[in-house]
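Here are a few exercises to work through with the model open beside you. Try each task before you read its solution.

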Amino acid sequence: MAGGKVKKEKGKLQQQHVPYQGGISFQKSKGQHILKNPLLVDSIVQKAGVKTTDVILEIGPGTGNLTKKLLEAGKKVITVEIDPRMVLELQRRFQGTPHSNRLTVIQGDVLKTELPYFDICVANIPYQISSPLTFKLLNHQPAFRAAIIMFQREFAMRLVAQPGDKFYCRLTVNTQLHARVFHLLKVGRNNFRPPPKVDSSVVRIEPRKPRIEVKQKEWDGFLRICFNRKNKTLGSIFRQKSVISLLEKNYRIVRALELGQEDSLEEVDAKMDFSSFGDNQGMEMDDDGDDDEMEVEDGGGDEVQSEFKDKVLGVLKEGDFEEKRSSKLTLQEFLYLLSLFNKAGIHFSDSRSSTFLIVSTLFFIISIIVTCQFSKRVVLDKQRNLTIYALYFLQLLHGCILIYIIYCRFD
Ligand SMILES: C[S@@+](CC[C@H](N)C(=O)[O-])C[C@H]1O[C@@H](n2cnc3c(N)ncnc32)[C@H](O)[C@@H]1O
């Protein structure tokens with residue numbers, strides 16, 4: 001166990017580096033709060049349910065207090081540590097012990113490291129990487145059995161929250177889409193050296209098998225809107241002019257792509273009037289969304305805008321969601337509502353148009369080059385002239401559609 005007294009913090013420099021025995025100072029910027037309570041370390045390993053056959057991933061092993069217990073419990077431990085001083089300390093600590101050939105130390109930032117295969121992850125992590133690390137683990141393939149991780153208490157409460165709980169938020173739903181999450185242990189700040197400013201909790205994350213597959217951008221866009229104001233009814237959220245404008249814009253792009261060139265731009269325009277679009281400001285939303293942004297008036301809108309709004313509200317009515325609130329919706333209800341929107345042609349991301357734009361622009365450029373080369377090289381008779389004009393006309397049409405889609409995306 002690491003010993004030594006923690007010096008009283010004075011001044012900025014000392015706040016960043018807290019001395020530790022053997023000359024290594026703890027860097028707060030790297031979240032270096034070492035577990036100093038051996039009973040707690042035992043309890044974490046025991047609750048993790050490590051098997052003797054397990055390959056264990058430990059993120060941020062530090063000086064190796066948890067690593068030691070993990071080596072005793074499992075078959076192999078792979079650690080990822082960003083701080084070279086800690087890596088040296090770890091190697092020094094286990095060198096020449098019976099455990100040394102079962103320990104692999106990777107030096108690097110876990111967020112930038114390709115993770116190896118592992119059965120179980122046990123870690124006391126730096127809290128500043130909680131969110132990206134959780135999603136990195138949730139996207140890891142093949143899925144592991146469980147991750148037992150120490151988080152800041154409030155973050156942990158968000159992960160395990162249930163509909164109606166104070167901490168229920170977008171992070172909760174996004175995490176529980178891919179995993180079942182359980183609260184294991186409350187941990188006070190005095191179990192660490194130096195003690196952090198916040199309390200902690202150990203959480204167990206079990207990836208769902210099989211995964212629930214969603215289109216990630218679509219799902220993200222949908223949840224951002226729903227959790228913009230999680231305590232408002234979905235009816236009032238989806239009546240906002242900014243939301244209707246965004247959805248209508250996506251709707252028009254998707255329709256334009258579906259109608260394709262053959263149905264022409266005019267047909268899309270006839271169905272949609274885009275003169276009354278509001279801007280897309282204020283669509284960047286908080287995690288828990290309890291912001292106090294003012295409700296935007298519907299502002300009357302023209303007939304087409306109202307028609308589209310009716311379509312959106314029709315979807316909410318169909319699923320009986322108009323009076324419900326995101327703060328109380330279950331994961332299954334979110335999935336169901338998104339499927340209803342998509343069935344009605346209403347989308348929350350414009351990723352399809354991005355792909356279309358890139359492919360289409362490339363095709364446009366190539367076709368112009370080919371036509372120019374062709375018209376230069378061949379001797380033009382009347383028949384060939386007509387072909388060239390037809391090609392130019394098609395390119396003009398193609399160009400118009402590209403401009404229209406770019407306009408829809410960026411207006
Ligand atoms: C809270 S300490 C935990 C130390 C040790 N596991 C323990 O419980 O005593 C977090 C550790 O993660 C390391 N760390 C910080 N950021 C990291 C990153 N991005 N990738 C890998 N390790 C990181 C720190 O250097 C530190 O050793």
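Two residues are in contact if their C-beta atoms, placed from the backbone, lie within 7 Å. Please keep in mind that this is a predicted model.

**Exercise 1. Among contacts between residues at least 6 apart in sequence, what percentage join residues at least 24 apart?**

Start with the inventory: the protein chain has 14 helices and 11 strands. Next, apply the contact rule and keep pairs at least 6 apart in sequence; of these, 69% join residues at least 24 apart. For burial, 35% of the 411 residues in the chain are buried.

**Exercise 2. Into which domains is the chain divided, and where are their bounds?**

Reading along the chain, you meet domain 1 (2-207), domain 2 (216-343) and domain 3 (352-410). Now look at the contact between domain 1 and domain 2: domain 1 brings 10 residues and domain 2 brings 12 residues. On the domain 1 side, the residues split into 6 nonpolar, 3 polar and 1 charged.

**Exercise 3. How many residues surround the ligand, and which are the closest?**

The count is 24 residues, and the closest are Gly 60, Gly 62, Ile 82, Val 110 and Asn 124. Then ask which elements give two or more residues to this shell: they are strand 3 (34-35), helix 3 (65-73) and strand 5 (76-81). Sorting the shell by class gives 13 nonpolar, 7 polar and 4 charged residues.

**Exercise 4. In what order do the strands of the open sheet of 7 strands lie, and which stand at the edges?**

Step across the sheet and you find the order 6-5-4-7-8-11-9, with mixed pairing. Strand 6 (103-107) and strand 9 (179-187) each have a single partner strand, so one side of each lacks a neighbour in the sheet. On average, neighbouring strands here are turned by 20° against each other, direction ignored.

As a reminder, strands of a sheet pair through backbone hydrogen bonds, either parallel or antiparallel. For one pair in detail, take strand 8 (residues 146-152) and strand 11 (residues 200-207), which run antiparallel and are joined by 6 bridges. Met 150 stands opposite Val 202 in strand 11.

**Exercise 5. Is Ser 242 buried, exposed or partly exposed?**

First locate Ser 242: it belongs to helix 10 (residues 241-271). Then count its surroundings: there are 17 other C-beta atoms within 10 Å, so Ser 242 is partly exposed. A residue needs 20 or more to be buried and 12 or fewer to be exposed. Finally, compare Ser 242 with Gly 96: they are 146 residues apart in sequence and 64 Å apart in space, C-alpha to C-alpha.

Technical notes: Residues are numbered from 1 along each chain as its sequence is written. This is a predicted model: local features need pLDDT of at least 70, side-chain atom pairs count only at pLDDT 80 or more; totals for chains, interfaces and linings use all residues. Domain bounds come from an automatic or database domain assignment. Ala, Val, Leu, Ile, Met, Phe, Trp, Tyr, Cys and Pro count as nonpolar, Asp, Glu, Lys and Arg as charged, and the others, Gly among them, as polar. Helices (H or I, at least four residues) and strands (E, at least two) are DSSP runs, numbered from the N terminus. A residue is near a molecule or strand if its C-beta atom, placed from the backbone, lies within 6 Å of it. Two strands pair if DSSP finds at least two bridges between them. Axes are lines fitted to C-alpha atoms, for helices over the stretch in contact, and angles run from 0 to 180 degrees between N-to-C directions.
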